[in-house]
Amino acid sequence: LHRLEGEGIVKTVARYTSTHGFGLAEALQLAQRLGELPEKVVLWGVEVGSLAGAGDLSPAVREALPGLIEGVVGEVSPG
């Protein structure tokens with residue numbers, strides 16, 4: 001389970017691009033250059049250990065989901 005914020009997002013995801021050569025890091029950098037990047041950006045995600053058997057959640061991912069949900073709800077809940 002990962003929580004990334006601000007520059008940590010770009011530094012972490014910069015090495016991953018989509019099949020089109022334009023990934024999350026590039027999208028965030030473009031938004032910043034255009035003056036459209038929100039003041040605060042937080043990325044929550046679950047790291048996939050293996051893509052074997054794509055389509056079904058692995059036990060590790062399934063076990064991480066409650067923490068992911070709790071983290072996101074805590075992030076967006078007022079107070």
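Three helices and two strands make up the secondary structure of this protein, and the model you're looking at is a predicted one. Going along the sequence, the elements come in the order β-α-α-β-α. Of the 79 residues in the protein, 16% are buried. Among the contacts with a separation of 6 or more, 58% are between residues 24 or more positions apart. The exposed surface of the protein comes to about 6100 Å², with carbon and sulfur atoms supplying 58% of that.

**Helix α3**

- Helix α3 covers residues 59-76, which makes 18 residues.
- From first C-alpha to last, α3 reaches 27 Å, close to the 26 Å expected at 1.5 Å a residue.
- There's a bend in α3 of about 30° at Leu-65, and a proline, Pro-66, follows within four residues.
- Which residues of α3 are buried? Val-61, Ala-64, Leu-68 and Gly-71 are.
- The spacing is worth keeping in mind here: an α-helix has 3.6 residues a turn, so residues three or four places apart point the same way.
- Strand β2 (42-45) is included in what covers the buried residues of α3.

**Two glycines to look at**

- Gly-71 sits in helix α3. It counts as buried because its relative accessibility is 15%, and the cut-off for buried is under 20%.
- Gly-71 and His-2 are 69 residues apart along the chain, while their C-alpha atoms are separated by 9.8 Å.
- Gly-49 is in the loop between β2 and α3. Is Gly-49 buried or exposed? With 79% relative accessibility, Gly-49 counts as exposed, since exposed means over 50%.
- Gly-49 and Val-61 are twelve residues apart in the chain, and 8.3 Å separates their C-alpha atoms. Val-61 is one of the buried residues of α3.

**Helix α2 and what comes after**

- Helix α2 runs over residues 24-33, and its buried residues are Ala-25, Glu-26, Leu-28 and Ala-31.
- Gly-35, just after α2, takes a positive phi of about 75°.
- Leu-34 is located in the loop between α2 and β2. Leu-34 counts as exposed because its relative accessible area is 57%.
- Leu-34 joins Phe-22 and Leu-30 in a nonpolar patch on the surface. Together, Phe-22, Leu-30 and Leu-34 have about 300 Å² of accessible area.

**Salt bridges**

- As background, side chains of opposite charge can pair when their charged atoms come close.
- How many salt bridges does a search of the whole structure find? It finds three.
- Arg-3 and Glu-5 form a salt bridge through their side chains, at 2.9 Å from N to O. Arg-3 is partly exposed, with a relative accessible area of 36%, and Glu-5 is partly exposed as well, at 37%.
- Arg-3 also meets Glu-75 in a salt bridge, at 3.0 Å from N to O. That pair ties together distant parts of the chain: Arg-3 is in strand β1 (residues 2-5) and Glu-75 is in helix α3, 72 residues apart.
- Glu-75 has a relative accessible area of 28%, so it's partly exposed.
- Glu-75 and Lys-40 meet in a salt bridge too, at 3.6 Å from N to O. This pair also links distant parts of the chain, with Glu-75 in helix α3 and Lys-40 in the loop between α2 and β2, 35 residues apart.
- Put together, Arg-3, Glu-5, Lys-40 and Glu-75 are linked in a network of salt bridges.

Notes: Residues are numbered from 1 along each chain as its sequence is written. This is a predicted model: local features need pLDDT of at least 70, side-chain atom pairs count only at pLDDT 80 or more; totals for chains, interfaces and linings use all residues. Side-chain values use heavy atoms; hydrogens and water are left out. The expected span of a helix is 1.5 Å times one less than its number of residues. The bend at a residue is the angle between axes fitted to the seven residues ending there and the seven starting there. Buried means under 20% relative accessible area, exposed over 50%, partly exposed in between (1.4 Å probe, protein chains only). Contact means heavy atoms within 4.5 Å. Accessible areas come from the Shrake-Rupley method with a 1.4 Å probe; for residues, only the protein chains shown count as cover. A salt bridge is a side-chain nitrogen of Lys or Arg within 4 Å of a carboxyl oxygen of Asp or Glu. Patches are made of residues with over 30% relative accessible area and no salt bridge: like charges are joined within 9 Å, nonpolar side chains (Val, Leu, Ile, Met, Phe, Trp, Tyr) within 5 Å.
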